[in-house]
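Q: Please take a close look at the interior of this model, from the side-chain contacts to the empty spaces. A connected account would be more useful to me than a list.

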Amino acid sequence: MTSTQEDLQLTLDTLQPTKTRPTTGLNRLCISISDLHFTDNTVGNQSSEEIVWAEFFADIASTCKTQQVDELTLILDGDVVDMIRSAVWAKHGVYPWERDKPEFVLCLREIMAEIVSLHATNADGFFNHLQRLPDDLKNTRLEVITLLGNHDKEIFTDPVTLRMYYDECLGPKLANLSAEYRQWVGKMYFDDEQHFADRNSVPWLPFYWGDAELRVFITHGQWRDRENSLAFTPGSNLPGWSTGDGWRAKVWQQLHYAPFIEACFGDTVAAGALSTFIYRCKLKLNDQDPDQANVSRIKRILDELDLYRPTSAAIARILQETRDKKTGNELRDIIENELYETLCLWLSWDYTLSSSPAWRRLAFRVARVWLMVTGPLHMFRVQLHLVRGVLWLYDQVQTLLDLLGPSSVYREDGASFKNLQVFPTFQDLFLQQGFRLHGEGHTHIPLQTEADIKHTADGAPSRNFTYINFGTWRDQLVSKEKKGYRRRGVGRSLYVLNKVTGQQPGYRFFVNDNLSWSDNMDRL
């Protein structure tokens with residue numbers, strides 16, 4: 001289903017805060033990055049090395065100076081902090097979907113406090129660089145916009161944690177947020193410009209941002225991912241929605257964006273299970289002789305598990321270690337037993353089933369029964385390798401379903417022409433405003449697609465349109481050609497420049513791709 005005119009017009013009306021100063025005659029630059037995934041490091045470091053950020057911010061300042069930029073808009077396109085990948089949840093026995101438990105907000109605050117310590121208080125941290133950026137830009141006016149992702153949405157549930165995020169991490173502190181910004185976010189989520197008007201209230205992070213002059217529209221991308229958004233059925237005078245319905249801003253507003261605010265399977269249940277396994281396994285390993293080389297090696301591998309894609313590759317890697325003779329029987333038993341226990345715990349959670357589609361719920365129920373029956377036989381190794389095979393098969397089936405599924409559904413290999421046609425950026429109402437560029441994060445894979453889309457306005461020529469994905473700011477583990485693994489940092493940032501004065505005026509956009517390796521990253 002395509003977006004309605006009402007959806008598109010609402011989106012256009014809420015693209016950004018009302019401008020209090022004109023931009024006509026200014027050299028403007030927009031830089032977008034996504035998926036930084038700053039964590040508390042309790043189950044591994046999920047973001048790029050600190051040295052990358054010094055270079056990144058130095059390049060921003062240099063570009064603004066060289067291009068004589070009058071106004072810079074820096075878009076942090078979701079998943080800037082990661083509230084899911086943490087041992088804190090397992091340590092306190094509460095999980096990210098259990099929002100009614102009193103320990104829930106305490107976990108959020110503990111995780112955010114550690115993120116602040118590691119990435120804001122630390123002189124080399126990303127947020128420290130961000131807060132110093134206005135001084136480095138000198139004659140360039142700076143606007144920082146942070147959009148909602150799927151790994152940071154839990155902070156909406158606790159104003160204290162969200163306030164900490166604004167004040168300790170992001171450029172604009174809560175006290176300095178403009179009335180226009182507050183009105184913008186209130187209008188977007190609740191159709192009420194006064195919703196966050198009180199200076200003591202803490203505005204949510206916006207879901208999208210766009211600028212017709214820069215021709216770019218940006219959102220995180222989870223709205224196309226059925227694993228990381230929650231489907232709703234119609235009822236109680238409220239509309240329903242699923243990823244197959246596409247961009248439906250009016251429907252989301254009526255639901256107060258619940259499909260992207262509530263917990264869902266992909267970013268909550270799956271990540272919670274993996275974090276639980278890493279935490280429990282490391283606790284057991286702490287009882288082993290710390291001088292054993294294999295103990296420290298296994299701990300490092302555990303900390304890296306979330307950097308594999310797909311998740312079945314992480315399970316394959318840790319099971320590969322159990323087959324290695326140098327691991328030893330004692331360490332092997334710890335890994336396999338804890339993985340088995342975590343799997344049983346994961347399948348015992350009611351939310352694992354309730355957050356899954358019907359066909360997967362059936363498979364999980366069968367797995368529950370099978371594990372219960374075979375558990376007393378202590379066939380852990382056979383069971384785990386069967387699970388590994390099932391996960392691999394699930395990845396293949398999911399890929400096939402994505403290929404056959406509705407045109408709006410997220411795909412990791414990019415965006416087909418059918419995908420592009422349902423993006424709001426490439427709808428006629430947006431095209432009439434001059435939009436040409438649709439930016440997303442979320443995939444952790446640099447992607448780009450070009451298309452020639454016919455504009456239906458009378459006499460309007462066909463033009464070039466671009467989908468670009470910059471959701472790659474995190475380290476990943478990749479397989480070497482023969483055997484083994486290596487950790488590689490992958491980063492992409494999108495630059496959109498509109499110059500009206502100085503040398504070489506004109507509009508253009510480009511990406512800065514950064515691939516990095518280091519001795520520290522090669523510890524594995």
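What follows is the specific request, and then the answer in one piece.

Start from the salt bridge of Glu71 and Arg28: which strands do these two residues lie in, and are they buried or exposed? Then go on to the other charged contacts, the aromatic pairs and the spaces.

A: The model is a predicted one, and every value below is computed from its atoms.

The charged contacts come first. There are 19 salt bridges in the structure. In one of them, the side chains of Glu71 and Arg28 meet with 3.0 Å from N to O. Glu71 belongs to strand S2 (residues 71–77) and Arg28 to strand S1, so this contact ties together parts that lie 43 residues apart in sequence. As to burial, Glu71 is buried, and Arg28 is buried too.

A second salt bridge is made by Asp82 and Arg85, whose closest N and O atoms are 2.5 Å apart. Asp82 counts as buried because its relative accessibility is 0%. Arg85 also counts as buried, at 5% relative accessibility. A further salt bridge joins Asp333 to Arg332, at 3.5 Å from N to O. Asp333 has a relative accessible area of 34%, so this residue is partly exposed. Through shared partners, salt bridges also connect Lys19, Arg28, Glu71, Arg141, Asp211 and Glu213 into one network. Arg28 and Glu71, the pair described at the start, are therefore members of that network.

Arg85 leads on to the cavities. The structure has two cavities of 30 Å³ or more. The largest cavity holds about 50 Å³ of space. Its lining consists of Val43, Arg85, Ala271, Leu274, Ser275, Ile278 and Asp306. Arg85 thus has two roles in this account: a partner of Asp82 in a salt bridge, and a lining residue of the largest cavity. By type, the lining of the largest cavity divides into four nonpolar residues, one polar and two charged.

The second largest cavity holds about 30 Å³. The residues around it are Gln67, Leu497, Lys499, Gln504, Gly506 and Arg508. Strand S10 (485–499) and strand S11 (506–516) each contribute at least two residues to the lining of the second largest cavity. Here the division is one nonpolar, three polar and two charged. Another contact has a partner within the residue range of S11: Arg215 lies over the face of Tyr507, 3.8 Å from the ring centre.

Next come the aromatic contacts, of which the structure holds 48 pairs. In one, Trp53 and Phe126 sit edge-to-face, with 5.0 Å centre to centre and 80° between the planes. Trp53 is part of helix H2 (residues 50–66) and Phe126 is part of helix H5 (residues 126–137), so the pair ties together parts 73 residues apart in sequence. Phe126 also pairs with Phe57, and this second pair is tilted, at 5.2 Å centre to centre and 55° between the planes. This contact again links distant parts of the chain, with Phe57 in helix H2 and Phe126 in helix H5, 69 residues apart. Trp53 and Phe126 are buried, and Phe57 is buried as well.

Helix H5 comes up again at the second largest pocket, which has a volume of about 750 Å³. H5, strand S3 (141–147) and helix H7 (179–190) each supply at least two residues of its lining. Strand S3 gives the most, with six residues. In total 27 residues line this pocket, and Leu142, Glu143, Val144, Pro172 and Ser178 lie nearest its centre. The lining of the second largest pocket divides into twelve nonpolar residues, eight polar and seven charged.

The last items concern the backbone. Most residues other than glycine have a negative phi. Asp35 has a phi near 60°, a positive value in a residue that is not glycine. Asp35 is found in the loop between strand S1 (28–33) and H2. With a relative accessible area of 0%, Asp35 is buried. His442 is another residue with a positive phi although it is not a glycine, in this case about 80°. The loop that holds His442 runs between strand S6 (437–440) and strand S7 (447–453). His442 is buried too, with a relative accessible area of 8%.

How values were computed:
Residues are numbered from 1 along each chain as its sequence is written. This is a predicted model: local features need pLDDT of at least 70, side-chain atom pairs count only at pLDDT 80 or more; totals for chains, interfaces and linings use all residues. Side-chain values use heavy atoms; hydrogens and water are left out. Rings of Phe, Tyr and Trp (its six-membered ring) pair if their centres lie within 6.5 Å; planes under 30 degrees apart count as stacked, over 60 as edge-to-face and the rest as tilted. Helices (H or I, at least four residues) and strands (E, at least two) are DSSP runs, numbered from the N terminus. Buried means under 20% relative accessible area, exposed over 50%, partly exposed in between (1.4 Å probe, protein chains only). A charge sits over a ring if NZ of Lys or CZ of Arg is within 6 Å of the ring centre and within 35 degrees of the ring normal. On a 1 Å grid over the protein atoms alone, a cavity is a set of points where a 1.4 Å probe fits but cannot get out, and a pocket is an open set with protein on both sides within 12 Å along at least five of seven lines; lining residues have an atom within 4 Å of a point. Grid points are joined across faces, edges and corners, and a volume is the space filled by probe spheres set on the points. Ala, Val, Leu, Ile, Met, Phe, Trp, Tyr, Cys and Pro count as nonpolar, Asp, Glu, Lys and Arg as charged, and the others, Gly among them, as polar. A salt bridge is a side-chain nitrogen of Lys or Arg within 4 Å of a carboxyl oxygen of Asp or Glu.
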